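Colleague: I would like to learn how a sheet and a buried side chain are read from a set of coordinates. Could you take me through one example?

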Amino acid sequence: MATSFFSQMSLKSWRLLWGVSPRVSQLLRPSQPGLICVLAVGKKDLTDFPVLVEDELEEQFVRGSGPGGQATNKTSNCVVLKHIPTGIVVKCHQTRSVDINRKRAREIMREKLDVAYKGELSEVLVKKRESVLRKQVKRKKVNENLERKKQFKEALAAENKPGGNETL
């Protein structure tokens, strides 16, 4: 009897092969029946976005514009997505692929709906404010370092002036 490769592998070697740790597999188990929680890194960890209902969306494909020449001007791969209850319109022409543009338009729509529904408490705006604050702190440190360097150079110049160091 021939056994398959996967049946011969132990559970530990399978986890090593696929990079699945026991902790991750526990995180992927549903906490309630029918719910699956998946943790992600980066922008995908924003999980409190509103769910898009396809019946509330109006989708159109139009010709794009901008650089790209004939490939852009003759194909209708720009996606225009409108959320009917709120009237929010998203236009996505980031790639030449209609499928990728459709997915990205929906991601952008979810972010805009989150901002529209939650206002200042939106995850997008909170993350943006944190980013601006980090940039301001970094800029302040850079300016302080530049000021210290300037003062140090001035002190060195004053010390090295002829006639400035008179010893008797």
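Modeller: We will go through the sheet and then turn to one residue of a helix, keeping in mind that this is a predicted model.

Colleague: In what order do the strands of the open sheet lie, and is the pairing parallel or antiparallel?

Modeller: One follows the bridges from strand to strand; here 3 strands form an open sheet in the order β1-β2-β3, with antiparallel pairing. The edge strands, each pairing on one side only, are β1 (57–62) and β3 (88–92), and neighbouring strands are turned by 15 degrees against each other on average, direction ignored.

Colleague: How many bridges join β1 to β2, and how many join β2 to β3?

Modeller: Between β1 and β2 (residues 78–83) there are 6 bridges, with V62 having C78 as its bridge partner in β2, while β2 and β3 are joined by 5 bridges, where H83 is partnered by I88 of β3. The hairpin of β2 and β3 has 4 residues between the strands, and in it G87 takes a positive phi near 80 degrees.

Colleague: Which residues of β3 are on its covered face, and which on its uncovered one?

Modeller: I88, V90 and C92 make up the covered face of β3, whereas V89 and K91 belong to the uncovered one.

Colleague: Why is R106 classed as buried?

Modeller: The class rests on a cut-off of under 20% relative accessible area, and R106 counts as buried because its value is 15%. This residue lies in helix α5 (residues 98–118), and its side chain makes a polar contact with the side chain of E54 at 3.0 Å. Leaving aside neighbours within four places in sequence, R106 is in contact with L52, E54, L57, E59 and L81.

Notes:
Residues numbered from 1 in each chain as written. Predicted model: local features only at pLDDT ≥ 70, side-chain atom pairs only at ≥ 80, totals over all residues. Heavy atoms only, no water. Pairing = 2+ DSSP bridges. Helix = DSSP H or I, 4+ residues; strand = E, 2+ residues; numbered from the N terminus. Axes fitted to C-alpha atoms, helices over the stretch in contact; angles between N-to-C directions. Buried < 20%, exposed > 50% of the residue type's maximum accessible area, 1.4 Å probe, protein only. Polar contact = N/O pair within 3.5 Å; in protein donor to acceptor, adjacent residues only side chain to side chain. Contact = heavy atoms within 4.5 Å.
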